[in-house]
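Dear colleague,

I am handing over the structure we spoke about, and below it you will find my notes on what turned up when I went through it. Please read them with the coordinates open beside you.

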Amino acid sequence: MQLTPEELVAEFHDAVMELYFARKRIAHLEAENETLRVRLAEAGPRSAEQTEAAEAVP
């Protein structure tokens, strides 16, 4: 499939926008992850089994 210059620019623009929003989402998830780590640390020590189970959840 061959794209016209206009289609190529549109595809590139779409890819850039997807990357922009993906990066925003990653930043949000990293901040949320850090908040949860702090809360977990404040909750106190847990058994290794519970910690492994929690880390296995995506």
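How many aromatic pairs does a search of the whole structure find? The search, run on what is a predicted model, finds one such pair. The two rings belong to Tyr 20 and Phe 21, and because their centres are 5.0 Å apart while their planes stand at 75°, which is over the 60 degrees required, the pair is classed as edge-to-face. As for the surroundings of these rings, Tyr 20 is partly exposed, with a relative accessibility of 44%, and Phe 21 is likewise partly exposed, its relative accessible area being 46%.

Turning to the overall fold, the protein has two helices and zero strands. Helix H1 covers residues 5-43, and for its 39 residues a rise of 1.5 Å a residue leads one to expect a span of 57 Å, which agrees with the 57 Å that separates its end C-alpha atoms. After H1 comes Gly 44, a residue whose phi is positive, near 105°.

On the matter of solvent exposure, buried residues account for 0% of the 58 residues in the protein; a residue would have to fall under 20% relative accessible area to be counted as buried. The accessible surface of the protein amounts to about 5600 Å², and carbon and sulfur atoms contribute 60% of that area.

There is also a nonpolar patch on the surface, formed by Met 1, Leu 3 and Leu 8, which together have about 380 Å² of accessible area. Of these residues, Met 1 sits in the segment before H1, and it counts as exposed because its relative accessibility is 95%, where over 50% is needed.

With best regards

Notes. Residues are numbered from 1 along each chain as its sequence is written. This is a predicted model: local features need pLDDT of at least 70, side-chain atom pairs count only at pLDDT 80 or more; totals for chains, interfaces and linings use all residues. Side-chain values use heavy atoms; hydrogens and water are left out. Helices (H or I, at least four residues) and strands (E, at least two) are DSSP runs, numbered from the N terminus. The expected span of a helix is 1.5 Å times one less than its number of residues. Rings of Phe, Tyr and Trp (its six-membered ring) pair if their centres lie within 6.5 Å; planes under 30 degrees apart count as stacked, over 60 as edge-to-face and the rest as tilted. Buried means under 20% relative accessible area, exposed over 50%, partly exposed in between (1.4 Å probe, protein chains only). Accessible areas come from the Shrake-Rupley method with a 1.4 Å probe; for residues, only the protein chains shown count as cover. Patches are made of residues with over 30% relative accessible area and no salt bridge: like charges are joined within 9 Å, nonpolar side chains (Val, Leu, Ile, Met, Phe, Trp, Tyr) within 5 Å. A salt bridge is a side-chain nitrogen of Lys or Arg within 4 Å of a carboxyl oxygen of Asp or Glu.
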